[in-house]
Amino acid sequence: MNLHSLSLRNSQSCSYKDVPVVSIEELKGTIVSCVQEGKRLLAFFAQSTGEKEMQLYAVLGNDKLGTLSLLSAKVENSYPSITDQCAQAHWFEREIAENWGISPKNHPWLKPIRFIPSYREGQDAWNRSKENILPCVGDYYQVQGEEIHEVAVGPVHAGVIEPGHFRFQCHGEWVYHLEISLGYQHRGIEKELKGGPTKRTLPYMETMAGDTSIGHSHAYLQMLESLANCQVSQRAQALRGIALELERLANHTGDLGALANDVGFLPTANYCGRIRGDFLNMSALLCGSRFGRNFLKPGGVAFDLEDSRIKEFQTKLENAKKDVTVAAELLLDSPSVLARFEDTGVVSKETARELGLVGVAARASGLSQDIRKDYPFGIFSSFSIPVAIYKKGDVFARAYVRWIEIQNSIAFIQSMLISMPKGKTQMPLSSLAPDKIVVSLTEGWRGEICHVAKTDEKGQFSWYKVCDPSFHNWMGLSMALRNQQISDFPLCNKSFNLSYCGHDL
Amino acid sequence: MNVNFFIPTLFAVVFAPLILGIINRTKAFFGGRCGQPLLQLYYDLFKLLRKGATYSKTTTYIFRLGPMVGLVCALLATTLVPFGSQRPFISFSGDILLFAYLLGLMRFFTVIAALDTGSSFEGMGAAREVHFSALAEVAFFLGLISLVKITSFASFSEIYSTSFANLWDMKSIEMILIGSSFLIVLLTENARIPVDDPNTHLELTMIHEVMVLDHSGPDFAFILYGSALKLWVLGSVFVQTFWPIRSGCVYLDVLFAFLSMIVLGVIIGIVESTMARLRLLRVPQLLVAGAALSTVALVLTMR
């Protein structure tokens, strides 16, 4: 089936002319059969061609070979929905309908995902006028019956977190269905990236999802370097890898603490909050920012790590490792905690595959997918990290996968620090090649981050598409809640810990 | 009239919020934190009393009545329970029933005040509260009946009279069973871990806390103070049963009882620091286990 698609590698720039344009039927057929064969739909989106027609792009990934296929089709105002045969497309198609007013016919649940006006003037998939678009207003999936009740949570949350609206269909304590409605955090980043790169582009990347600064900027920069044909030194790649893993360590540790807090298990909750700070301070030691802002730069990194600081770094890491080991083992060995974690919020392997879950959530359901191994990038092309998998798909599995990843990341950073490659930290970057298209993938701490961009004849982005891991995984949370107790929602939610702004962009 | 009868009530009224401070400090110690001041709840209460209250338009007088009735019930309950070997203000045969139902009335008004708001969260919390306390009541009553059977008295002050300490020599198994059952009741009724988490901010998992979300100002102060009193009276029933120290001097006994209450606060703090909360589905099992312990005690007294 690869005859009519462009085959490429992670962050390999290709001439835009080579992207095949097939009929919409063939596009659908290819996506459906590829996904059945075990490939995944990494991104599916529409872009304007400047004419009346719109162009749909699909990026399919073959995890086993590490190859990506890119193909496209032209559509006008509607096309036959792919979701009925390939569930992975369902959220993408809702996005396409919302952004461009293209209706996927026979989509089972066609609703906006961000509640924003269409990018095309006067072309709305639901024929709404601009003034009538209010966040999360509309019909929700409802269960009918005498004793069914509906619980609405949000958009303002009890904890100091981001806004999102949740509708539960409950029978007593049991949840039959949960519908999640987002969009409150939409800032229009993708629109702003058009015509870039500008001075603002990198800060946009770093704040796309505030806890994934390194993940997103890494994806952006490796795309930029591929377009400018710039070879980043191994030393810079190693430093980028360390920053990426530090981000993972801080967030995973924070998540374990938050999971402990949600079941009222105080020791781990208290200690992980502090240890997370230790990891963030290590990022600060690396570059002066606890969240790694302004560290990654086009062509390399902004700061080098001298030998004296490597020593300090190693001591800090060793101490944090001891502490996090105590805290995590205490959590995962306590019977009262296991009683809460095990069999709560189960997402089966089949469901995870059908929905196209990514990252920690996918690996906890037994799917072996990790961009660092499947589509190696940066330092991971020469240094492999084992994939952490657990099969059960429950809250325990998601906690346990995080714990294994914490260990793997610490081991990675330690061996990097022992044998830091030599080289310059930053290379000069020339202007971007015109008329190219690139798919750039990284493994952020939540999971796969996919950036797709095309340059115009001047070497500026004619469009830039971002796919955050949360975009794939919100539906996974919904499924995890089916036939669960409503009181377990906060725990399940925390075990996914998805980003609202990463989804809303 | 002997002013000593007011000692149990006086201790409850003055020191009840302190126990919560001790629990919090214990939890903070286990968490490696300094924690809030011991007297934090007193500060909170004074702060809340100075504030105004906000009432939703959907509520009626029931909503305003709830906290007041709750506080009055808790205050009345303090006049029924002896402290150390000091008899309480009110004492008659069968006052154990009045005690149990004063707490029942308090809960009833908290629940209908919560339902009065019409919020789905509060309705959920109310449903959980009545479900669990219906089961806790069984454990509590079976424990009380066992005590009545052992001592052949039906009044707290008679049951916990000076000879009560001797019971531990003859009926230690029964006492351990009853005491354990009372501990489960104590933790459930006061919304502590492993049944409820008083520190959570997540409405969906709350039991007691979610019912009082809409109360504010003095009303909320009444609720917090009422809960502290409830913890104190149930705690002193537990302490009397488990550590009935009798020195012969009333004042010394009162002092011992007070120290035991502080130890109880530490114990609750340790329980909360070392275990996770139960899954909501498992809570009834814990309460049935409590009832079973009391039942075994009752069966043993029938020998």
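This is a short exchange on how the labels given to this predicted model are justified.

User: What kind of model is this, and how are its parts numbered?

Analyst: It is a predicted model: local features need pLDDT of at least 70, side-chain atom pairs count only at pLDDT 80 or more, and totals for chains, interfaces and linings use all residues. Residues are numbered from 1 along each chain as its sequence is written, while chains are lettered from A and ligands numbered from 1 in the order in which they are written.

User: What are the scores of the model and of chain B?

Analyst: The model has ipTM 0.83 and pTM 0.89. pLDDT is the predictor's confidence in each residue, from 0 to 100. Chain B averages 90, and 100% of its residues score at least 70. Among the elements of chain B, helix H2 (residues 40–50) has the highest mean pLDDT, 95. Helix H7 (residues 164–170) has the lowest, 80.

User: Why is H10 of chain B called a helix, and how does its length agree with the expected span?

Analyst: Helices are DSSP runs of H or I with at least four residues, strands are runs of E with at least two, and both are numbered from the N terminus. H10(B) has 26 residues, 217–242. The expected span is 1.5 Å times one less than the number of residues. That gives 38 Å, and the end C-alpha atoms are 37 Å apart, so the two agree.

User: What makes H10(B) mostly covered?

Analyst: A residue is buried if 20 or more other C-beta atoms lie within 10 Å of its own, exposed if 12 or fewer, and partly exposed in between, with C-beta atoms placed from the backbone. In H10(B), 23 of the 26 residues are buried.

User: How do you know that S5 and S6 of chain A pair?

Analyst: Two strands pair if DSSP finds at least two bridges between them. Nine bridges join S5(A) (residues 54–62) to S6(A), and the strands run antiparallel. Val59(A) has Leu70(A) as its bridge partner. The two strands form a hairpin with four residues between them. In the turn, Gly66(A) has a positive phi of about 75°.

User: Which strands, S1 and S3 of chain A, run parallel or antiparallel to S6(A)?

Analyst: S1(A) (residues 6–8) is antiparallel to S6(A), over three bridges. There Leu6(A) is the bridge partner of Leu70(A). S3(A) (residues 21–22) runs parallel to S6(A), with two bridges. Val21(A) stands opposite Ser72(A).

User: What makes S9 and S17 of chain A edge strands?

Analyst: The open sheet has four strands in the order S9-S10-S11-S17, with antiparallel pairing. S9 (148–153) and S17 (484–485) each pair on one side only. Within this sheet, S10(A) and S11(A) share seven bridges. One bridge pair is Phe166(A) with Ile180(A).

User: How is chain A divided into domains, and what makes up the contact between them?

Analyst: Domain bounds come from an automatic or database domain assignment. For chain A they give domain 1 (2–136) and domain 2 (189–504). Their C-alpha centres lie 26 Å apart. Two residues are in contact if their C-beta atoms, placed from the backbone, lie within 7 Å. The contact takes 24 residues from domain 1 and 28 residues from domain 2. On the domain 1 side, S4(A) gives the largest share, six residues.

User: Which elements of chain B touch chain A?

Analyst: The chain contact takes 23 residues from chain B and 24 residues from chain A. Helix H1 (7–30) and helix H11 (250–274) of chain B each give two or more residues.
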